[in-house]
Structures are given as structure tokens and as C-alpha cells.
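Q: Please take a close look at one loop of this protein and at how its residues are placed. I would like the account to begin with the fold as a whole and to end with other parts of the chain that can be set beside the loop.

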Amino acid sequence: MTNEIYYTALEIYDSETGDEFSWGKYIEWSKLTHLTELVSLDGMLNGLAFKPDFDSKDNWNYIVTDENIVTVFFNSREYVLSKVKDLDHFNFLAVIKEPNEQKAELETEFEFVGYDLIEKDGDISALTNCGGFDETFAPTDLNEFGLISDYEKVKKIQTKLPINNPAEHHADCYLYEVWRHKNIGRKTAYNKT
């Protein structure tokens with residue numbers, strides 16, 4: 001993957017989530033008491049809002065793979081929107097892998113929500129689904145979405161995680177810049193397009 005913009009639609013994880021791992025249980029376990037919603041790229045907590053048809057050759061034109069790993073990212077905004085057209089609420093995200101300090105210019109339709117650190121061999125967030133790495137960052141370093149707002153801070157965390165935790169495979173992470181659409185899929189300002 002390059003610094004291209006990819007798209008995805010992920011499930012919402014907030015105080016209205018009441019499944020097996022409810023919001024209350026998650027907040028108690030994670031100790032991230034200041035979160036208002038988790039807008040993470042973590043595949044367990046914010047799963048894909050739709051199921052791609054992996055048997056369809058055409059679908060593989062849109063699915064982004066990274067070193068033989070199938071990601072939850074897609075190279076077409078239109079493809080993602082076609083898959084969620086019957087859903088009311090989801091997070092429609094634009095993401096950039098290993099961005100530089102200069103943010104993408106997506107402010108017209110999207111809002112920057114932060115940076116996530118996702119393990120290189122999967123889809124677990126080192127920030128929100130590893131029980132904490134207290135020697136590298138504090139829960140208060142995360143914003144209200146469970147992400148890091150500052151580029152320099154997240155780069156420092158990305159560098160220190162594998163040094164401080166050499167035996168932990170979740171500590172070797174890719175950095176992602178995360179933007180959420182201002183209207184599409186949102187609970188408060190839903191506007192199907």
C-alpha cells in the first residue's frame with residue numbers, strides 16, 4: 001500500500017452497543033473512561049459493516065490487500081457506498097497508511113478523527129485492544145474516539161512500542177490517518193447519497 005486514500009465502512013461502537021462485549025464492559029476493561037465513541041480500525045471492536053463477496057472476481061478489483069493480508073480497506077469510495085446503501089448507521093472512513101505529517105486534504109466532506117496503530121500481521125489496534133501499553137502511552141493520550149490526535153506523539157508511540165515490548169506482536173504497528181465522513185452513516189446527521 002502507498003499513501004493513497006482508501007475507504008471503508010465500519011460498525012459503530014459506542015454507548016448503544018450492547019452485544020457480548022458491551023460498551024460498559026469495554027470501558028471497564030480498557031479504562032478509557034473518557035471515550036464518547038470508539039472510531040478505531042480494530043477489526044474486533046469496529047468490524048466491517050458489510051460482508052464483501054470474496055467469491056466474486058469483480059469484488060477483488062476493490063479489496064485492498066497488503067503483503068497477502070486482506071484488509072478492510074477498499075480502493076473505491078463508490079464500491080463501499082454501494083455495499084452500505086441499505087444501512088442506516090456506520091462509520092464511513094477515509095484512511096491513509098503511513099501518512100506524513102501533512103494531513104490529507106479531506107476537510108470538505110470528512111473530519112479528521114485521529115491516528116490509529118494497527119498490528120502489521122492483522123487488524124488489532126495497539127491503542128485500544130491490547131489492554132494498554134503503560135510504559136509507552138497513557139489512556140489520557142487517546143482522544144474521545146480512542147485515537148491519537150497529534151502526529152508527532154503517535155510517531156513516537158509507534159517507534160517506542162516494539163522497543164518497549166519486543167515479545168509482543170501487537171506492538172509492531174502500521175500507522176493510519178483516519179477521517180470520518182461528516183454526514184454519511186452518521187447517527188445525528190444521516191444523509192444518504
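The part in question is the loop between β3 (37-38) and β4 (63-66): which residues does L45 touch there, and is L45 buried or exposed?

A: The model is a predicted one, and the loop is best read against the overall fold. Three helices and eight strands make up the secondary structure of the protein. Taken from the N terminus, these elements follow the order β-β-α-β-β-β-α-β-β-α-β. The protein is as compact as a globular protein of its length, because its radius of gyration of 16 Å is close to the 16 Å that the globule rule gives for 193 residues. Its C-alpha trace spans about 45 × 35 × 35 Å along the principal axes. Half of the chain is covered, in the sense that 50% of the 193 residues count as buried. Among contacts with a sequence separation of 6 or more, 74% join residues 24 or more positions apart. The exposed surface comes to about 9900 Å², of which carbon and sulfur atoms supply 46%. Charged groups number 19 positive and 36 negative, and the mean positions of the two sets are 2 Å apart.

Within this fold, L45 is placed in the loop between β3 (37-38) and β4 (63-66). L45 counts as buried because its relative accessibility of 8% is under the 20% cut-off. Residues up to four places away in sequence aside, L45 touches Y13, F21, Y26, L38, T128 and N129. One of these partners, L38, belongs to β3, the strand that precedes the loop. For a sense of distance across the model, L45 can be paired with G185: 140 residues separate them in sequence, and their C-alpha atoms are 17 Å apart.

The same loop between β3 and β4 also holds G43. Here the accessibility is 25%, so G43 counts as partly exposed, whereas L45 is buried. The C-alpha atoms of G43 and E11 are 9.5 Å apart, although the two positions lie 32 residues apart in the numbering sense of sequence separation.

A second loop can be linked to the one in question through L38. F145 is found between β7 (110-119) and α3 (151-164), and L38 is a contact of both L45 and F145. With neighbours within four places in sequence left aside, the full set of contacts of F145 is L35, T36, E37, L38, V39, V113 and R180. F145 has a relative accessible area of 13%, which means that the residue is buried. Along the chain, F145 is 117 residues from E28, and the two C-alpha atoms are separated by 16 Å.

From F145 the picture extends to strand β6 (residues 91-97), where L93 is found. V39 and R180 are contacts of F145 and of L93. Beyond these two, L93 is in contact with Y6, Y7, T8, L10, L41, F110, V178 and W179, again without its neighbours within four places. Its relative accessibility is 1%, so L93 counts as buried. A separation of 41 residues in sequence goes with a C-alpha distance of 28 Å between L93 and D134.

Two further loop residues offer a contrast in burial and in backbone geometry. K31 lies between α1 (23-30) and β3, in the loop that leads into the strand before the region of interest. Its phi is near 65 degrees, a positive value in a residue other than glycine. K31 is exposed because its relative accessible area is 57%. E67 lies in the loop between β4 and β5 (69-74). Phi of E67 is near 50 degrees, again positive in a residue other than glycine. With a relative accessible area of 65%, E67 is exposed.

Finally, the cysteines may be noted. The count of disulfides is zero. C130 takes part in none, its nearest cysteine sulfur being that of C173, 7.1 Å away. For C173, likewise in no disulfide, the nearest cysteine sulfur is that of C130. C173 counts as buried because its relative accessibility is 4%.

To return to the request, L45 is a buried residue of the loop that touches L38 among other residues, while G43 in the same loop is partly exposed.

Terms used: Residues numbered from 1 in each chain as written. Predicted model: local features only at pLDDT ≥ 70, side-chain atom pairs only at ≥ 80, totals over all residues. Heavy atoms only, no water. Helix = DSSP H or I, 4+ residues; strand = E, 2+ residues; numbered from the N terminus. Rg over C-alpha atoms; globule rule 2.2 N^0.38 Å. Buried < 20%, exposed > 50% of the residue type's maximum accessible area, 1.4 Å probe, protein only. Contact = heavy atoms within 4.5 Å. Areas by Shrake-Rupley, 256 points an atom, 1.4 Å probe, with all protein chains shown as cover. Lys, Arg positive; Asp, Glu negative; His and termini not counted. Charge placed at Lys NZ, Arg CZ, Asp CG, Glu CD. Disulfide = S-S within 2.5 Å.
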